[in-house]
Amino acid sequence: MKGLCERLDSNIRYRLRMCIWKHWKTPQNRAKNLMKLEVPRWAAYNISYCGNRYARLAHNGWVHKAISNERLAAFGLVAMSNYYAERCVICEVD
């Protein structure tokens, strides 16, 4: 179950990064928002104006740094493995 939770969690975070990138819409907004999230100016412009698809850019290292797991957790996204560990009741067999 732990492996399943980790795989699903990584897919969800990937899709959220992709949706956030798509939500920013224009290259100017993408560059501006990346710079707000502590990405260097040169990297923000290179990523924003490269023209790659959303899915490809969601795997980019700078995008991972900008929209990190910690930032997503601060926005309220709870990791599935942590949630499962909290809620799971383990039955002991005597």
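**Note on the predicted all-helical model**

1. D9 is buried, with a relative accessible area of 10%. The model under review is a predicted one. D9 belongs to helix 1, which covers residues 2-23. Leaving aside residues up to four places away in sequence, D9 is in contact with V78, A79 and M80. A further distance places this residue relative to another part of the chain: D9 and V39 are separated by 30 residues in sequence and by 24 Å in space, taken from C-alpha to C-alpha.

2. The overall architecture may be stated briefly. The protein chain contains seven helices and zero strands, and its pattern along the sequence reads α-α-α-α-α-α-α. The radius of gyration is 17 Å, well over the 12 Å that the globule rule gives for 94 residues, so the protein chain is more spread out than a compact globule. The C-alpha trace spans about 60 × 20 × 20 Å along its principal axes.

3. Burial and contacts complete this general description. Of the 94 residues in the protein chain, 28% are buried. Among contacts with a separation of 6 or more, 59% join residues that are 24 or more positions apart. The protein chain exposes about 6900 Å², and carbon and sulfur atoms supply 55% of this area. As to charge, the chain carries 16 positive and 7 negative charges, and the mean positions of these two sets lie 22 Å apart.

4. Which residues of helix 2 are buried? In this helix, residues 27-36, they are R30, A31, N33 and L34. The spacing within such a set can be read against a general property of helices: an α-helix has 3.6 residues a turn, so residues three or four places apart point the same way. The cover over the buried residues of helix 2 includes helix 1, helix 3, helix 4 (54-58) and helix 5.

5. The aromatic residues deserve separate comment. A pair of aromatic rings is described by the distance of the centres and the angle of the planes. With centres required to lie within 6.5 Å, the count comes to three aromatic pairs. In one of these, W21 and W24 have ring centres 5.9 Å apart and planes at 55°, so the pair is tilted. Both W21 and W24 are buried.

6. A second pair joins W42 and W62; it is edge-to-face, with 6.0 Å from centre to centre and 85° between the planes. The two partners come from distant parts of the chain, 20 residues apart, with W42 in helix 3 (residues 41-48) and W62 in helix 5 (residues 61-66). Is W42 buried or exposed? W42 counts as exposed because its relative accessibility is 56%, a value over the 50% cut-off. W62, at 28% relative accessibility, counts as partly exposed.

7. Two loop residues should be examined for their backbone geometry. Most residues other than glycine have a negative phi, and most peptide bonds are trans. K25 is a residue other than glycine with a positive phi, near 65°. K25 sits in the loop between helix 1 and helix 2 and is exposed, with a relative accessible area of 63%.

8. Where does E38 lie? E38 is in the loop between helix 2 and helix 3, just after helix 2. E38 is not a glycine, yet its phi is positive, at about 70°. At 56% relative accessibility, E38 counts as exposed. Helix 2 is thus followed by a residue with positive phi, E38, while K25, which also has a positive phi, is in the loop that joins helix 1 to helix 2.

9. The last point concerns Y84, which is placed in helix 7 (residues 80-87). Y84 is partly exposed, its relative accessible area being 35%. Apart from residues up to four places away in sequence, Y84 touches M1 and C5. The C-alpha atoms of Y84 and S10 are 15 Å apart, although 74 residues separate the two along the chain.

Note on methods: Residues numbered from 1 in each chain as written. Predicted model: local features only at pLDDT ≥ 70, side-chain atom pairs only at ≥ 80, totals over all residues. Heavy atoms only, no water. Phe/Tyr/Trp six-rings, centres within 6.5 Å; stacked < 30°, edge-to-face > 60°. Buried < 20%, exposed > 50% of the residue type's maximum accessible area, 1.4 Å probe, protein only. Helix = DSSP H or I, 4+ residues; strand = E, 2+ residues; numbered from the N terminus. Contact = heavy atoms within 4.5 Å. Rg over C-alpha atoms; globule rule 2.2 N^0.38 Å. Areas by Shrake-Rupley, 256 points an atom, 1.4 Å probe, with all protein chains shown as cover. Lys, Arg positive; Asp, Glu negative; His and termini not counted. Charge placed at Lys NZ, Arg CZ, Asp CG, Glu CD.
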